[in-house]
Amino acid sequence: MVSVPRLVIAAPASGSGKTTVTAGLMAAFAERGLDVSPHKVGPDYIDPGYHALAISSAASSGASVAGRSRVGNARPGRNLDAYLCGPDRIAPLFLHGAAGCDLALVEGVMGLFDGAAGQGELASTAHVAKLLRAPVVLVVDASSQSRSVAALVHGFASWDPGVRVAGVILNKVASDRHEAMLREALEGCGVPVFGALRRTRAVRAPSRHLGLVPVAERHAEAVDSAAALAARVREGCDLDGLLALARSAPPLSGRAWDPEEEIHRAMDAVPGAGVRGGRAARPVVAVAGGAAFTFSYAEHAELLTAAGARVVPFDPLRDERLPESTGGLVIGGGFPEVYAPELSANEPLRTAVAGLAASGAPIAAECAGLLYLAHSLDGEPMCGVLAAKARMSERLTLGYREAVAVSDTSLAAAGTRVRGHEFHRTTIVPGAGPEPAWGLVHPERRTEGFAQGDVHASYLHVHWASVPGAAARFVDRCAPPAG
């Protein structure tokens with residue numbers, strides 16, 4: 001049994017202010033010197049970046065708190081997605097990310113009870129809260145209501161007895177009088193109010209075609225916003241009460257997720273497969289980062305490392321060469337469409353990537369990585385590894401997918417079944433190569449992506465914690481460093 005103080009920050013609907021309130025709480029608690037562990041329900045890559053920044057910048061600014069500040073807190077934001085990873089992995093992944101923390105805060109997704117379409121509570125914030133046995137604090141947009149807030153909160157608190165809605169934070173409150181009306185209405189509701197935050201335009205995160213602009217593209221401005229959010233939350237929320245509520249969460253049973261155990265368990269299931277973890281020569285796996293490639297789950301690098309790789313990040317916008325001795329390449333998601341001219345202008349790196357693919361080295365590319373490997377993106381030359389052209393479109397492709405590997409690739413043996421997620425406003429022609437990466441089986445049936453030599457390129461985002469064998473298989477195909 002493991003005791004982790006924790007709260008789930010939820011809302012009745014999207015747009016209520018979950019991300020800003022959660023980031024503000026993380027920053028405010030980090031300023032107090034608490035070691036805060038940030039988590040996000042669902043597949044979203046962008047919010048965890050804001051969480052990690054809020055904590056690290058606040059921890060640094062809170063260095064004057066006697067003996068308690070963790071300057072440079074480096075905990076990454078982590079996702080908890082019961083669809084992608086399965087319900088049984090949620091608590092272990094949470095315990096892995098939250099190990100040793102003083103407080104774990106979990107931002108929900110959409111409305112509290114909204115989950116995977118047509119699959120009940122699966123992957124909803126409520127589902128994850130139950131799996132974590134965590135108290136829920138409901139962030140309510142109070143801007144257009146007064147007494148009705150009590151009916152809203154009562155409905156959410158009583159809808160599912162298995163979900164403990166234990167508090168409310170009122171957001172977008174207009175005035176002292178408005179706050180008094182809201183608090184009076186909630187007095188008989190049985191759900192305490194832990195804060196009231198005024199409407200403000202001072203703290204805003206700009207949005208784009210896929211949601212918030214990632215932290216990597218506006219770091220300095222985001223640091224200032226985190227400080228402003230912390231101040232706003234300090235003034236408007238009962239931090240002591242929220243911490244006491246978090247500490248009331250019961251212990252969790254089970255063991256933390258362990259990437260090394262996962263790798264060895266995956267390889268034990270594949271007779272004759274080898275793992276390079278015990279070898280002196282650790283292959284270099286280059287992982288694309290920087291402003292154009294910001295989408296990655298923290299567990300991917302951990303699994304690659306556990307499988308024996310030396311993970312080396314690089315920035316395709318700045319670096320003209322791949323890391324020395326690169327034996328494999330991972331290019332995750334992001335916004336290459338925003339940086340297409342700059343990516344195209346870096347011809348030395350595009351040539352290096354094409355050369356790596358031609359050498360037979362394994363390359364795993366998803367979504368943004370798929371576009372970067374294409375012949376062109378919005379008319380700008382890309383790496384030319386794939387005979388396909390990509391462009392921006394008006395149509396948003398969004399949703400969970402079930403898929404099966406059509407052929408053997410650097411990530412999966414033919415027949416491997418996975419669950420993934422699509423999220424893009426681009427299109428690529430053709431949508432699948434002569435040997436597709438995946439055959440989608442739900443909610444629609446079609447082939448998708450490219451399996452070309454040891455290149456695996458697809459729009460589908462897959463969380464490798466659900467298929468740890470993918471990391472082991474990828475590293476096993478990497479060339480070891482020369483000499």
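Q: Asp-35 and Arg-75: buried or exposed?
A: Asp-35 is buried, and Arg-75 is buried too. That word has a strict meaning here: buried is under 20% relative accessible area, exposed is over 50%, and partly exposed is in between, using a 1.4 Å probe and protein chains only. Keep in mind that this is a predicted model, where local features need pLDDT of at least 70 and side-chain atom pairs count only at pLDDT 80 or more, while totals for chains, interfaces and linings use all residues. Residues are numbered from 1 along each chain as its sequence is written, and side-chain values use heavy atoms, with hydrogens and water left out.

Q: What makes the meeting of Asp-35 and Arg-75 a salt bridge?
A: The rule asks for a side-chain nitrogen of Lys or Arg within 4 Å of a carboxyl oxygen of Asp or Glu. For Asp-35 and Arg-75 the N to O distance is 2.8 Å, so the pair passes the 4 Å test. The general idea is that oppositely charged side chains can pair when their charged atoms come close. A search of the whole structure turns up 23 salt bridges.

Q: Why can we say that the pair of Asp-35 and Arg-75 ties parts together?
A: Asp-35 sits in the loop between helix H1 (18-31) and strand S2 (36-41), while Arg-75 sits in the loop between helix H2 (46-61) and strand S3 (78-80), so the pair connects parts 40 residues apart in sequence. Helices and strands here are DSSP runs numbered from the N terminus: helices are H or I with at least four residues, strands are E with at least two.

Q: How do you know that Glu-179 and Arg-198 meet in a salt bridge?
A: Their side chains come to 2.9 Å, N to O. The pair links distant parts of the chain, with Glu-179 in helix H7 (residues 176-186) and Arg-198 in strand S7 (residues 193-198), 19 residues apart.

Q: Which label, buried or partly exposed, goes with Glu-179?
A: Its relative accessible area is 18%, so Glu-179 counts as buried. Arg-198 has 27%, so that residue is partly exposed.

Q: How do you know that the side chains of Arg-473 and Asp-408 meet in a salt bridge?
A: The N to O value is 4.0 Å, and the rule accepts such a pair because "within 4 Å" is what it asks for. Arg-473 lies in helix H15 (residues 469-476) and Asp-408 in the loop between strand S16 (389-405) and strand S17 (417-429), so this pair ties together parts 65 residues apart in sequence. Arg-473, at 21% relative accessibility, counts as partly exposed, and Asp-408 gets that label at 49%.

Q: Which residues do salt bridges that share partners join into one network?
A: Asp-176, Glu-179, Arg-183 and Arg-198.

Q: What makes S11 and S20 edge strands in their sheet?
A: The sheet is open, with six strands in the order S11-S10-S12-S13-S21-S20 and mixed pairing. Strand S11 (310-314) and strand S20 (450-452) each have a single partner strand, so one side of each lacks a neighbour in the sheet. On average, neighbouring strands there are turned by 15° against each other, direction ignored.

Q: How do you know that S13 and S21 are partners?
A: Two strands pair if DSSP finds at least two bridges between them. Strand S13 (residues 363-366) and strand S21 (residues 455-458) are joined by four bridges and run parallel, so the rule is met. Ile-363 has Val-455 as its bridge partner in S21, and Ala-364 has His-456. S20 joins S21 through three bridges, and those two run antiparallel.

Q: What do S20 and S21 form?
A: A hairpin, with two residues between the strands; Gly-453 in the turn has a positive phi of about 60°.

Q: What pairing does the open sheet of seven strands have?
A: Its order is S3-S2-S4-S1-S5-S6-S7, with parallel pairing. S3 and S7 are the edge strands, since each pairs on one side only. S2 and strand S4 (residues 103-107) show the parallel sense over five bridges, with Lys-40 partnered by Glu-107 in S4.

Note on methods. Axes are lines fitted to C-alpha atoms, for helices over the stretch in contact, and angles run from 0 to 180 degrees between N-to-C directions.
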